[in-house]
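Dear colleague,

I am passing the structure below to you, and my notes on its salt bridges and surface follow after it. Please read them alongside the coordinates.

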Amino acid sequence: QLNDELQRIKKVLRKPSFTWKTLRTSATSTLEYLFELGLKERVDSEWVVVSETKSLKRYHTPEVERLFPELVQSRERIAAAAGEAWLGFLRKVTDSLSLSLSLSLSLSLS
């Protein structure tokens, strides 16, 4: 859906090579799905200025503002599922090692 929005923005701006920008704001924070335009370029009045410099402004469209929280939630769900899968794998490895150790001890005592 964000790619559809990018295609729409390219058409509106008549810039076929336009791409999303990501701005790193600190060591742990980034702003994603921005598009940058010069200060004098005309933009849709609904577009939200996210940041600006002396020479350009970075925007989100209302659609990006709507879709981005959904993307963040999806990323969090994926990270949680990956963490659970990793813990499950570690439990299986631990169980297998415990069984192997028990068998080795039993065999060495016989």
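**Salt bridges and a surface patch**

Lys15 counts as partly exposed, because its relative accessibility is 27%, and I should say at once that the model is predicted. The side chain of Lys15 meets that of Glu41 in a salt bridge, with 2.9 Å from N to O. Lys15 lies in the loop between α1 (2–13) and β1 (21–24), and Glu41 in the loop between β2 (30–38) and β3 (48–52), so this pair ties together parts that are 26 residues apart in sequence. Glu41 is likewise partly exposed, at a relative accessible area of 31%.

By the rule applied here, the count of salt bridges comes to six. One of them joins Arg75 to Glu32, with the closest N and O atoms 2.6 Å apart; this pair links distant parts of the chain, since Arg75 sits in helix α2 and Glu32 in strand β2, 43 residues apart. Arg75 is partly exposed at 38% relative accessibility, whereas Glu32 is buried at 17%.

Another salt bridge is formed by Glu36 and Arg58, whose closest N and O atoms are 2.8 Å apart, and it connects strand β2 with strand β4 (residues 56–60) across 22 residues. Here Glu36 is partly exposed at 25%, while Arg58 is buried at 12%. In addition, Glu63, Arg66 and Glu70 are joined into one network by salt bridges that share partners.

Turning to the surface, Trp86, Leu87, Phe89, Leu90, Val93 and Leu97 make a nonpolar patch of about 560 Å². Of these, Leu87 is placed in helix α2 (residues 62–109) and is partly exposed, at 38% relative accessibility.

With best regards

Note on methods. Residues numbered from 1 in each chain as written. Predicted model: local features only at pLDDT ≥ 70, side-chain atom pairs only at ≥ 80, totals over all residues. Heavy atoms only, no water. Patch = residues over 30% accessible without salt bridge, like charges linked within 9 Å, V, L, I, M, F, W, Y side chains within 5 Å. Areas by Shrake-Rupley, 256 points an atom, 1.4 Å probe, with all protein chains shown as cover. Salt bridge = Lys/Arg side-chain N within 4 Å of Asp/Glu carboxyl O. Helix = DSSP H or I, 4+ residues; strand = E, 2+ residues; numbered from the N terminus. Buried < 20%, exposed > 50% of the residue type's maximum accessible area, 1.4 Å probe, protein only.
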